[in-house]
Amino acid sequence: MELLNLTTNVKQIQDDVLKEILTLNANTEYLRGYIHGSSDKELFKKNVPVVSYDDVKPYIQRVASGEPSNVISGKPITRFLLSSGTSGGKQKIFPVNNKFFEDMAFIYALRSFLISKHTEGDEKGKVVMLFFAREQSISPCGLPISTSVTGYLLSDSFKNRPSNCFTSPDEVMLCPDLKQTMYCHLLCGLLQRGEVVAVAASFASSLVGAITFLESYWKEICNNIRSGHVSEWITDLSCRDAVTNILGGGNSELADKIEEECNKTSWKGIIPRLWPNVKFIQSIVTGQNSQYIPMLEFYSNKVHLFSPAYGSSETMFGVNVNPLRKPEDVSYTFMPNISYFEFILADKGNEGEIVDLVNVEIGSYYEPLITNYYGLHRYRMGDILQVSGFYNNAPQFRFVGRKKLVLSVNLEVTTEEDILKALNNATLVLQRSNLLLMGFTSYADISTLPGHYIFYWELKAKNISDIVKPDNKVLVECCCVMEESLSALYREIRSKDGSIGPLEIRIVQQGTFNSLMEFSISQGASPSQYKTPMCIKSSEALVVLHNNVLARFFSDKSPPF
Ligand code: AMP
């Protein structure tokens, strides 16, 4: 189905999708209890309840434990996807079958089509695609449990993709060792540097992580290129063979060129310097990942950042049909052929009304409700989106944030969006110094009264040989600017009755956020989906940060309100 048809006949396609899902699943144990075998839309809306993960978890668990798929799904479940969201401290799992990966392939194809429509010449080039497959686990019933990207890389949709434009062979993407994969991705990408038109990763955090990795490994990579021999520690044999194949004989001219760029004091614009024909950088830079925009802009030096799509372990949603838009103006156009989408109004004071995809209104805030093919019916996503416009008849949504409140020490409610706004304003102040913000998280400290907000920042000098020396005046101003950017209620409570103390920034040693990630992974988080949390809740994670504090700065005045 082409884009015009999909975005024009939205209502008809959505009605057909719901009919198909209900026909398929009407006799599952879950749906039978509500709609008694019918596939009628009105009955579905009247009888099927809006649910959260904990409501459907027992059904999912039963299938994972070996009961037949038709407890929840008319078609057999073939895999469970591990989401970055948690329930009761554990990662959520979602049942799927091959259709999920066909939808992923459809979204990837649509992204490529949109890029080639808006840029010239990229179809002839290659993409450094930083895909990482992770180790799978097996559910008690014998079905694999994996991240969505791992599932996709193992699916027929990926294996039989119509064209291959990636610099890395499949063996590199499928290698379960994160460090070996990262090294080989970069090695293969650099070997084919002249052909590369795009550098891509699912999330901006992975791209920034790749550049940081390169800072430590470029000398070794250049040695491999010069000698034509892959480092001995690349022990995954199929990965090693595939990379050796690309490496060919030694190429000292190429190694010299790469070395010359990496040896320069500043890594500003390192991406186009290493890949001179790169036309865009592709990764999600909305939501939590917007914090990486300044870093990526530094490394990419005006090469366009393209935030391609919005998707989750529950369903794919849509694509950014205007790839040339600035990261802060990105919106995603929902594709009506993937799942049935409803929306709960989340505008302050008017929460609760449920509307169909075609009935959302520009400017309003909504939480999506998903009805997919594999057993989720009217499932609350927990994301908040704002309607920014329409592409033909298909609504476009700006990603606002995850629904939950993030910080609060008094009556005020500080959301992810508030934090990102405050942080963006503070980074404008920071930009005047020679420092870059590498990572951040926050904590609502109520151990002393009045409680106050603590932001942990990891900084880095723009010139890699420089030492990080935070300037007191700049950092205090950052604290003040952040406070000025927070909600009216925050500023009122802080200034008027002093029930919120001065906001604090704690500078942590370089590498602290890496340690935080390693800590979370040791606690069961998935490495390929790991995103630094906006706010720290676990006391052990806090200890990791606390042990690495180098300096502390406080806001020195009350914000205006
Ligand atoms: P997971 O199920 O682990 O893949 O995580 C899915 C969640 O990641 C979504 O519910 C969103 O909160 C977030 N996410 C996915 N795509 C985007 C995007 N394009 N922009 C912002 N957040 C996103």
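**Arg62 counts as partly exposed at 25% relative accessibility, and a salt bridge joins its side chain to Glu29.** You're looking at a predicted model, in which local features need pLDDT of at least 70 and side-chain atom pairs count only at pLDDT 80 or more, while totals for chains, interfaces and linings use all residues. Residues are numbered from 1 along each chain as its sequence is written, and side-chain values use heavy atoms, with hydrogens and water left out. A salt bridge here is a side-chain nitrogen of Lys or Arg within 4 Å of a carboxyl oxygen of Asp or Glu, and that rule gives a count of 24. In the Glu29–Arg62 bridge, the closest N and O atoms are 2.7 Å apart. Glu29 sits in helix α3 (residues 29–35) and Arg62 in helix α5 (residues 53–64), so the contact links distant parts of the chain, 33 residues apart. Helices (H or I, at least four residues) and strands (E, at least two) are DSSP runs, numbered from the N terminus. Glu29 is partly exposed too, with a relative accessible area of 34%. For these labels, buried is under 20% relative accessible area, exposed is over 50% and partly exposed is in between (1.4 Å probe, protein chains only).

**Lys99 and Asp103 meet in a salt bridge within helix α6.** The N to O distance is 2.8 Å. These two are 4 residues apart in the helix, so about one helical turn separates them. Lys99 is buried, with a relative accessible area of 19%, and Asp103 is buried as well, at 10%.

**Arg380 and Glu367 form a salt bridge between two strands.** Their side chains come together at 2.9 Å, N to O. Arg380 belongs to strand β15 (residues 379–380) and Glu367 to strand β14 (residues 365–371), so the bridge ties together parts 13 residues apart in sequence. The two ends differ in burial: Arg380 is partly exposed, with a relative accessible area of 28%, whereas Glu367 counts as buried at 2%. Elsewhere, salt bridges that share partners join Lys11, Asp15, Lys41, Lys45, Glu342, Asp356 and Arg378 into one network.

**Tyr108 and Phe131 make an edge-to-face pair.** Rings of Phe, Tyr and Trp (its six-membered ring) pair if their centres lie within 6.5 Å; planes under 30 degrees apart are stacked, over 60 edge-to-face, and the rest tilted. The model has 30 aromatic pairs by this rule. In this one, the centres are 5.8 Å apart and the planes sit at 80°, hence the edge-to-face label. Tyr108 comes from helix α6 (residues 98–118) and Phe131 from the loop between β3 (126–130) and β4 (137–138), so the pair ties together parts that are 23 residues apart in sequence. Tyr108 and Phe131 are buried.

**Phe334 and Phe397 make a tilted pair.** The ring centres are 4.6 Å apart with the planes at 55°, so the pair gets that label. Phe334 is in strand β11 (residues 332–334) and Phe397 in strand β17 (residues 394–402), linking distant parts of the chain, 63 residues apart. Phe334 counts as buried at 0% relative accessibility, and Phe397 is buried with a relative accessible area of 1%. Ring pairs link them into a cluster whose members also include Tyr310, Phe317, Tyr332, Phe341, Phe343, Tyr366 and Phe399.

**Two charges sit over rings: Arg161 over Phe158 and Lys179 over Trp233.** The rule asks for NZ of Lys or CZ of Arg within 6 Å of the ring centre and within 35 degrees of the ring normal. Arg161 lies over the face of Phe158, 3.9 Å from the ring centre. For Lys179, the charged end is 4.8 Å from the centre of the Trp233 ring.

**Strands β18-β19-β20-β21, in that order, form an open sheet with mixed pairing.** Edge strands β18 (435–445) and β21 (549–554) each have a single partner strand, so one side of each is left without a neighbour in the sheet. From one strand to the next, the twist averages 25°. Strands count as paired if DSSP finds at least two bridges between them. β18 and strand β19 (residues 452–461) run antiparallel, joined by 10 bridges. The bridge partner of Ala444 is Tyr453, in β19.

Note on methods:
Axes fitted to C-alpha atoms, helices over the stretch in contact; angles between N-to-C directions.
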